[in-house]
Amino acid sequence: MPEQTCEVFAVKNVLNNMFGPKICKQMPFGDAEFDKLGVALKSEINTIFGRSLAIRALDSGSDNSAEIELNNLSNPYYDVERFGISFVASPRHADILIVTGAVTQNMAIAVRKTFDAMPSPKLVIALGDDACSGGIASGGYGVLGGVDKILPVNLKIPGNPPEPAQIINSLLGLMQSLRKK
Amino acid sequence: MKIPELYNYLAEFLSPAINPLKLEKGANKDYYLWLDWTEAAALYPKLAEDGFGLIGLFGVEGFRGYQGLNLLYIFEKRNYSGTLVIIRRADSPVSSIAAIFPSACYFEREIRDGYGCEFENAFDRRRLFLHETYPANFHPLANSFKNQPLSLPAGVEDEALYPFKKISGEGVYEVGVGPVHAGIIEPGHFRFSAIGEPILNLEVRLFYTHRGLEKLAMGKDIDFGLKIAEGISGDESAANTYAYSSAVEHICSSRPPRRAEQLRLILLEMERLYSHLADLSGMLTDVGYPVGAASLSALREELMRWNKRLTGSRFLKGIIAPGGLLKDIPGELITELADYLYAFEGRFSEQVEKALAKTSVVDRFETTGIVNNRLLIPLNITGVTARASGEAIDTRLNQPYGFYPELSFKPPVLPEGDVMARFRVRLSEVQTSLGLILKTAAKLSAGEYAIPLKPVNGYSLILVESPRGQSLHWLWLRDGKIERYKVRTASYCNWQAIEHAVLGDIIPDFPLINKSLNLSYAGTDL
């Protein structure tokens, strides 16, 4: 490309970026059923938490499938940030602690410390069969059992693992029960 | 490609020092050799010199007429089909072989924790899966310990009691990360010693999610064993349930029906697809290219929804079982899947091509986190990491199993060993997996999807290529009950690569290197 055309091209590009129409391709996904859940959850979060809910996830001995589903909540299909939910890096920023997996002996201290680091008031959710009751690992030397063995649990979401829509549905139920209190 | 049999090679290799007739064939292509400690000690250096790798080492009590502890050393010679299992009794002092086979270091520490067996001349005698919260002289794998919940004193600080390697010198500082990390990720501790930004040393401490699965399996029935296999690592459920089922089938000397083998292949490759998509997406997230990451994670969600349609589980749980499958998958659904995957390839390629055209992505990927080829056999590094460091190994080809021998494919191999090579190997493997599923779907046989099994006594060693690399399962059944179920997933060995791969890179590149190696914590900790 000759030098001058190059410049013209660059200028055009810049102008287009600044003043041209912003086109967002129609997303090929989106699930009306899920969106309805999310909108309902958002309105509950608005009432109870003043617009946003900060969640800290903690693996206390899970097989990793529950973490994968929690991560999936942020993929374009679910994109739960739309509904005021954010997963935060520090327990000090969190309203809710979601614990996955039976609590192992090797993680027990870290689980307690994470909970203690959260400011009150705080809620704990046990996510997945193992977190709810200890699951297959219960009865052995390696685990204490379900999360309620060492933390006050406000909500149990069973499943191996629970699916994204189930998680959001359960969160909605929790918010509704909090509002009634 | 025909893979030569290890047995024929061994017969020649062992003689004249050891009579090859002493080799005893197991239920699969596992060849057992009982040696006393002097014979074994003389053989190890020869094995190492000849290119054998130590792929497993574990203890079994009460095995084959010896009530005490037996040590099983599993060796593989790359590109030979079959494994050599050297068994020695731990009735006299046992020497560490970590200086000959560095992969033995973790294994020996594990046996020491599990059974209390000391290894002479071991250079690392720290605890492995039992953290400091467990009392001294507690050895859970020994038969003398009856499995039960423990009530341990709260408040033992592991940190203070576990000696990490100290690096000192002017300007050297330590950064400790974990076990609780910033993201939604499994727990583990990383101890960096850095000088400026570059990493001088990294030590990884794992086993925070140690649930005691191996002990839980002891004495249980075959159905419970399947639950344990499924719970080893959530996104490796298909590979692990396959290996477990295959072990039971080998012990029973029966083969699942052809249709079951074909459907299993489809499930195993679906697992590889959704696993690789997560890694590719995660690597793009870690270099700050969210457009590509989001597109790939959307494709991955579609695959997980397909998993659900095929099996009822987004993680392919509750489908593969000894004898075949727990339920059939209708042929029409497989045809529909094939149509979907046919279109998937173009959508996938478009996204990765766009990503690799971004200089910001290429700049972060290239020359980052190099895994040196010379580490592969000594540390037993397998899977994508090995193939991206120039080693053409893939258990599906080297130790053929299931329906794989009827399909031809080549593993992608790249020499560089950096993050870019692992990204590119993964994306070619996605294409290979798509091809394997489409070919199998086109050939899908009618007929039974499972056969009944009558469990007998016996033991078997199974190797499978999970999305993370080669996993080893050894199962011993007696009267329909599990005597011992040993699992060594690919991550267990591959974790050791990261301590070498990060050296000289900067700490901010660590998450990217970690993601590119895709290491499972739960699969290592058990």
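## The sheet in chain A

In what order do the five strands of the open sheet in chain A stand? Reading across this predicted model, the order is β2-β1-β3-β5-β7, and the strands pair in parallel.

Look next at the two ends of that row. β2 (85-87) and β7 (155-157) of chain A are the edge strands, and each has a single partner, so one side of each is left without a neighbour in the sheet. If you compare the directions of neighbouring strands in this sheet, you will find them turned by 30° against each other on average, direction ignored.

## A closer look at β1, and a helix across the sheet

Strand β1 of chain A covers residues 53-61, and its parallel pairing with β2(A) runs over three bridges. To find a place where you can see two residues facing each other, go to A:Ala54, which stands opposite A:Ser86 in β2(A).

Now find helix α3 of chain A, residues 65-72. This helix lies across three strands of chain A, namely β1, β3 (96-101) and β5 (123-127). Its direction makes an angle of about 140° with β3(A).

## Where the two chains meet

How many residues does each chain bring to the contact? Chain A gives 38 residues and chain B gives 42.

On the side of chain B that touches chain A, the helices α5 (213-217), α6 (222-231) and α9 (290-311) of chain B each supply at least two residues. The largest share, four residues, comes from α9(B). Sorted by kind, the residues on this side of chain B are 21 nonpolar, 13 polar and eight charged.

Technical notes: Residues numbered from 1 in each chain as written. Chains lettered and ligands numbered in written order. Predicted model: local features only at pLDDT ≥ 70, side-chain atom pairs only at ≥ 80, totals over all residues. Pairing = 2+ DSSP bridges. Axes fitted to C-alpha atoms, helices over the stretch in contact; angles between N-to-C directions. Contact = placed C-beta atoms within 7 Å. Nonpolar A, V, L, I, M, F, W, Y, C, P; charged D, E, K, R; others polar.
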